[in-house]
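This report walks through a structure, beginning with a pair of strand residues and then turning to chain contacts and charged side chains. Please keep the sequence and the 3D view at hand while reading.

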Amino acid sequence: MTWLVDGLSGLALLCGAFFVIVGGAGLLRMPDFYTRMHAAGVTDTLGAGLILLGLMLQGGWTLITVKLLLILIFLWLTSPTASHALVRAALSDPQNPPPLLHEDIHSVPSPSSSTHLSEGERIEQAK
Amino acid sequence: MLRILGLWSFYAGLWLVLSGYFDIPLLLVFGALSCVLAVFIAWRVERADPEDHPLHLKVGPQIILYWPWLLWQIVLANLDVAKRILDPQLPVSPTLITLKPTQRSEMGQVIYANSITLTPGTITTSLSDGILEVHALTREAADSLLEGDMDRRVAALERSNA
Amino acid sequence: MFAVTALGILICMVLAMSRALLGPTVYDRIMAVNAFGTKTVLIIAVLGFMSGRPDFMDIALVYALINFIGTIAVLKFIRYGDMGWPRNVPDEPDDL
């Protein structure tokens with residue numbers, strides 16, 4: 001039975017490490033602040049969850065597991081709150097560039113000059 | 001009085017779990033006293049900033065069934081976002097949408113907004129006067145929110161007499 | 001296994017730190033530092049298992065608390081310029 005638990009926990013730890021690295025890469029690759037928030041969400045939810053799950057399986061039925069569960073619950077309660085506070089603060093700040101939207105991304109390369117395009121270019125310059 | 005007792009038992013349970021002392025009487029007495037102090041501080045804070053007691057949740061027991069579903073949605077959304085991050089083309093189409101949640105109580109709307117934010121790929125940017133504003137990483141994520149599956153499930157959590 | 005996980009978390013910490021250094025906006029930096037703090041919680045837990053010292057879990061729990069409160073505090077600071085009650089801000093007093 002122990003080999004099964006060990007294998008499961010190892011798998012959870014490896015998958016967690018993978019998602020954490022992917023989230024970190026997303027932090028660097030995404031084009032603007034608001035899309036980066038989504039990448040940070042990957043590390044906060046599934047990355048942290050899988051790593052803590054792997055540790056819980058290693059810990060067995062002890063107080064350590066309860067503490068790890070508390071850490072997990074706390075992380076999952078606070079990470080949406082912190083994300084929401086960050087996005088709300090960023091949106092209400094007039095000096096912060098507005099979110100890059102779908103239309104902007106797909107209209108930036110063409111150099112014609114409608115009002116929509118100039119806004120997209122303004123965002124590009126502000127970056 | 002019941003609330004104070006409930007809060008105290010909650011703190012006492014937390015103290016026991018975190019400290020791990022079950023058999024040293026002196027420490028147990030200190031723990032009980034510190035819980036009394038914590039209840040007193042909570043009572044003072046509540047007088048300055050009144051808010052609903054967390055034990056008076058206005059949602060039914062169906063939330064036990066909602067959590068696994070939400071967990072599964074989080075896993076699916078995570079896989080989708082991770083796939084897009086690893087794609088060399090970076091196929092994102094960020095979108096801002098507004099939603100009109102159908103939950104009647106504030107608690108239900110907050111649960112809905114929090115579930116949206118907890119799911120990667122969608123973040124609630126504001127919730128005021130029953131209007132939700134959501135920033136989505138992709139068009140597809142925004143569309144699936146507009147379909148309202150999660151909205152209906154959260155609305156079903158609310159008790160009819162709430 | 002723990003070593004591989006710790007290495008993955010460390011790589012993510014390096015990536016988050018480079019985002020914090022690159023910016024460009026102050027919110028990018030706060031978000032990166034918040035992500036960095038979450039990774040710190042995870043690596044404290046993993047290191048606790050690696051070195052066989054389960055007491056580290058308490059430190060991880062406290063770090064998770066401090067990380068969240070710190071993020072909110074820094075957000076409030078850059079929004080209002082001080083840590084006091086935002087009495088002199090007429091618009092959106094219940095912001096954050």
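## Strands of chain B

In this predicted model, I97(B) stands opposite V134(B), a residue of strand β3 of chain B. The two strands concerned are β1(B) and β3(B), the latter spanning residues 131–136, and they pair in the antiparallel sense over five bridges. Strand β1 of chain B covers residues 95–99 and has two unlike faces, with T95(B), I97(B) and L99(B) on the covered face, whereas L96(B) and T98(B) are on the uncovered one.

A136(B) also belongs to strand β3 of chain B, and with a relative accessibility of 0% this alanine counts as buried. Leaving aside neighbours within four places in sequence, the contacts of A136(B) include S93(B), P94(B) and T95(B) on one stretch of chain B, G121(B) and T122(B) on another, and A141(B) and A142(B) on a third, together with H38(A) from chain A. With G121(B), the separation is 15 residues in sequence, while the C-alpha atoms of A136(B) and G121(B) are 5.6 Å apart in space.

## Chain A and its interface with chain C

Chain A has five helices and zero strands, so that its pattern, read along the sequence, is α-α-α-α-α. Of its 127 residues, 53% count as buried. Among the contacts in chain A with a sequence separation of 6 or more, 59% are between residues 24 or more positions apart.

Where chain A meets chain C, 42 residues of chain A are in contact with 43 residues of chain C. Between them the two chains bury about 3,800 Å², and 80% of this area is on carbon and sulfur atoms. The interface of chain A and chain C also holds two salt bridges, which are described next.

## Salt bridges

How many salt bridges does the structure hold over all chains? The count is three. One of them is formed by D28(C) and R36(A), whose closest N and O atoms are 2.4 Å apart. Because D28(C) lies in helix α2 of chain C and R36(A) in helix α2 of chain A, residues 33–59, this pair joins two chains. Both partners count as buried, D28(C) at 1% relative accessibility and R36(A) at 5%.

Another salt bridge is formed by K67(A) and D58(C), with the closest N and O atoms 3.1 Å apart. This pair likewise crosses between chains, running from helix α3 of chain A (residues 63–92), which carries K67(A), to helix α3 of chain C (residues 56–80), which carries D58(C). Here the two ends fall into separate classes, since K67(A) counts as buried at 10% relative accessibility, whereas D58(C) counts as partly exposed at 28%. Within chain B, the side chains of R84(B) and D80(B) meet in a salt bridge at 3.3 Å, N to O. R84(B) and D80(B) both lie in helix α3 of chain B (residues 63–86), where they are four residues apart, about one turn of the helix. R84(B) is buried, with a relative accessible area of 14%, and D80(B) counts as partly exposed at 26%.

## A buried lysine without a salt bridge

K39(C) lies in helix α2 of chain C, which covers residues 26–50. Which side chain of opposite charge is nearest to this buried lysine, K39(C)? It is that of D44(A), at 4.2 Å, and K39(C) has no salt bridge. The reason is the cut-off, because a salt bridge requires the nitrogen and the carboxyl oxygen to be within 4 Å.

Not counting residues up to four places away in sequence, K39(C) touches V20(A), T43(A) and D44(A) of chain A, as well as I9(C), C12(C) and M13(C) of chain C.

## Cysteines

A search of the whole structure finds zero disulfides over all chains. Two of the cysteines illustrate unlike surroundings: C15(A) is partly exposed, with a relative accessible area of 32%, while C35(B) counts as buried at 4% relative accessibility.

Technical notes:
Residues numbered from 1 in each chain as written. Chains lettered and ligands numbered in written order. Predicted model: local features only at pLDDT ≥ 70, side-chain atom pairs only at ≥ 80, totals over all residues. Heavy atoms only, no water. Disulfide = S-S within 2.5 Å. Buried < 20%, exposed > 50% of the residue type's maximum accessible area, 1.4 Å probe, protein only. Lys, Arg positive; Asp, Glu negative; His and termini not counted. Contact = heavy atoms within 4.5 Å. Pairing = 2+ DSSP bridges. Buried area = accessible area lost by both parts, 1.4 Å probe.
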